[in-house]
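The exercises below practise the reading of a protein structure step by step. Please examine the sequence and the model before attempting each task.

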Amino acid sequence: MSTNRSPTWWLNDRHSVKYMAKQASGLFLVLYALLWVYFAVAVSGGHGAFEDALAVLQSPAMLAWHAAALAFVAVHSVTWVRFMPKAMPPRLRERVAWRSLPLILVRLPLARWRILEWLAFTIGGTISALLAVPLLVVTGVIIPFTGLVTYAQAQALLHNPFAAVVTAATILVVGFHGAHRTGGLVGDLGFKNGRNIERILYSLVGLGSLVGGVALLI
Amino acid sequence: MHGSRTLRIARCNAATGGERSFEEYSVEVSADTSLLAALEHIAAHKDETLSYRSSCGHGVCGSCSMMVNGEPRLACSTFLRDYQGTIVIEPLAGFTVLRDLNVDVDLFFDKFEQAGAYLAPLPETAEVQRNHRQWPEDLALIDPYSACMLCAICYAACPKFRENPSYMGPAALVAAHRYNEDSRDDGAGFRLARMVGEGGIFECAANEGCSLACPKGIDNAAALQGAKLLALLTELGIATKPTRARNSS
């Protein structure tokens, strides 16, 4: 049986504070995925809806949120870049039966949930680590404050089937990664219902990616 | 001499249902006074009821794990010259306290059985008998994990084990991974089923505290991440074991 620990255990050392910042980046990633759903709906909603979205992005609250998200997500990116090379098993190229790659199409739908969950988490984590920081600069500063992106440009870039699929998939995996991390954060803070919160957030980002993708398609 | 230090030591006797309390002891410290030497001095000269576990005294056996100012460490490899003022000594976090600094480690050793962290030898064919030798390339795959001395420090450093004691934890899962990687082993099938199940590798949140705390420098977090990737490749039917011994004689 484990001994009890204080909910503030992570304040005892710098490493744990950094770890919790990385875990907290998950909540920002979920919210950011949902912000993209809103943005996708706005782009497909016409010029007026796009202007309304711009006004939201220009608000001081949204600017402050972007700054906070940037700080947390940057911790995640730095950790990812430092950790991933170490985590690759040695002689990885020899370990993949390259001729059997087509098997993936058959085996993937039959894979166990915990493995599929980790696969989605890892893909989402990789995309978040590489893209979230530059994207936060785009939606936090470039779009609302520079006038470099007009409604016509946003429409041309996002309102087509390819962009719809890419945007919906990105919202899904980034949101999924964030949801899993947020569930972990809840557990780390000593609450018992981390898995339930994770499932609610999975549903939310799943629905959001569908809404965002469909909005850009129609 | 490096002066004196005050050890604030957690005292508790689970058998009598006692609550944890702290007692302070002052000890004289020289350049090479380890925490274990200080505890031995206290038990011999100041308070013979002080209970702690130790064996080799040289960082080999992993018996004297405890919390030092909130960090899991080996008492024998912790030198008091590196600390100032009062040093707080507590039993290893995450485990049930038996008495003072002694914890119940049965839970820890049970995890190895749970994870299947033992060799499942290849069938004894003539080919296998000839190839019981291990090539250096194959040894290199398991060597980084073989230094584990079962001190359980990685468990005290793992937030996920502290949150969920049914998690098999770093040492047992890394040992299981080490056997999966062993060119002489044939048990990856049953072992992976355990490793990806409840309490297995996917509970790990890559906190890396286990790697930082390991007295033997084993990068447990990286090993577990690698084990997850290999579990995925296996599940997708595209994993092979890169053993030179199987492919050459």
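**Exercise 1. The make-up of chain A**

In what order do the elements of chain A run from the N terminus on?

Solution. The model is a predicted one. Step 1: read chain A from the N terminus on; the elements follow one another as α-α-α-α-α-α-α-α-α. Step 2: count by type, which gives nine helices and zero strands for chain A. Step 3: consider the extent of the chain; the C-alpha trace of chain A spans about 60 × 50 × 30 Å along its principal axes. Step 4: consider burial; of the 218 residues in chain A, 44% are buried. Step 5: consider the contacts in chain A with a separation of 6 or more; residues 24 or more positions apart account for 80% of them.

**Exercise 2. A pair of helices**

Determine whether α8(A) and α9(A) are roughly parallel or roughly antiparallel.

Solution. Step 1: locate the helices; α8 covers residues 161-188 of chain A and α9 covers residues 194-217 of chain A. Step 2: take the geometry; their axes come within 8 Å and cross at roughly 170°. Step 3: apply the cut-off, by which angles over 145 degrees count as roughly antiparallel. Therefore α8(A) is roughly antiparallel to α9(A). Step 4: sort the residues in the contact of α8(A) with α9(A) by class, which gives 15 nonpolar, eleven polar and two charged residues.

**Exercise 3. The sheet of chain B**

Identify which strands stand at the edges of the five-stranded sheet in chain B.

Solution. Step 1: write down the strand order of this open sheet, β2-β1-β5-β3-β4 (chain B), and note that the pairing is mixed. Step 2: find the strands with a single partner; these are β2 (21-28) and β4 (71-74) of chain B, so each has one side without a neighbour in the sheet. Step 3: note the twist, which averages 35° from one strand to the next. Step 4: examine a parallel pair; β1 (residues 4-11) and β5 (residues 86-90) of chain B are joined over four bridges, and Leu7(B) stands opposite Ile87(B) in β5(B). Step 5: add the helix; α1 (residues 35-45) of chain B packs on the sheet and touches β1, β2, β3 (65-68) and β5 of chain B. The direction of α1(B) makes about 75° with that of β1(B).

**Exercise 4. A hairpin and its two faces**

Which residues of β4(B) lie on the covered face, and which on the uncovered one?

Solution. Step 1: establish the pairing; β3(B) and β4(B) run in the antiparallel sense over four bridges, with Met67(B) opposite Pro72(B). Step 2: inspect the turn; the two strands form a hairpin with two residues between them, and Asn69(B) in the turn has a positive phi of about 50°. Step 3: recall that side chains in a regular strand alternate between the two faces of the sheet. Step 4: assign the faces of β4(B); Pro72(B) and Leu74(B) are on the covered face, whereas Glu71(B) and Arg73(B) are on the uncovered one.

**Exercise 5. Core and surface**

Decide whether Asp32(B) is buried or exposed.

Solution. Step 1: place the residue; Asp32(B) is in the loop between β2 and α1 of chain B. Step 2: compare its relative accessible area of 58% with the cut-off, exposed being over 50%. Asp32(B) is therefore exposed. Step 3: for contrast, turn to the largest nonpolar core, which has 85 residues; Leu7(B) is one of those that touch the most other members. Step 4: name the main contributor to this core, helix α10 (residues 220-235) of chain B, which gives ten residues.

Terms used:
Residues numbered from 1 in each chain as written. Chains lettered and ligands numbered in written order. Predicted model: local features only at pLDDT ≥ 70, side-chain atom pairs only at ≥ 80, totals over all residues. Heavy atoms only, no water. Pairing = 2+ DSSP bridges. Axes fitted to C-alpha atoms, helices over the stretch in contact; angles between N-to-C directions. Contact = heavy atoms within 4.5 Å. Parallel < 35°, antiparallel > 145°, perpendicular 65-115°, else oblique. Nonpolar A, V, L, I, M, F, W, Y, C, P; charged D, E, K, R; others polar. Core = buried A, V, L, I, M, F, W, Y, C linked by side-chain atoms within 4.5 Å. Buried < 20%, exposed > 50% of the residue type's maximum accessible area, 1.4 Å probe, protein only.
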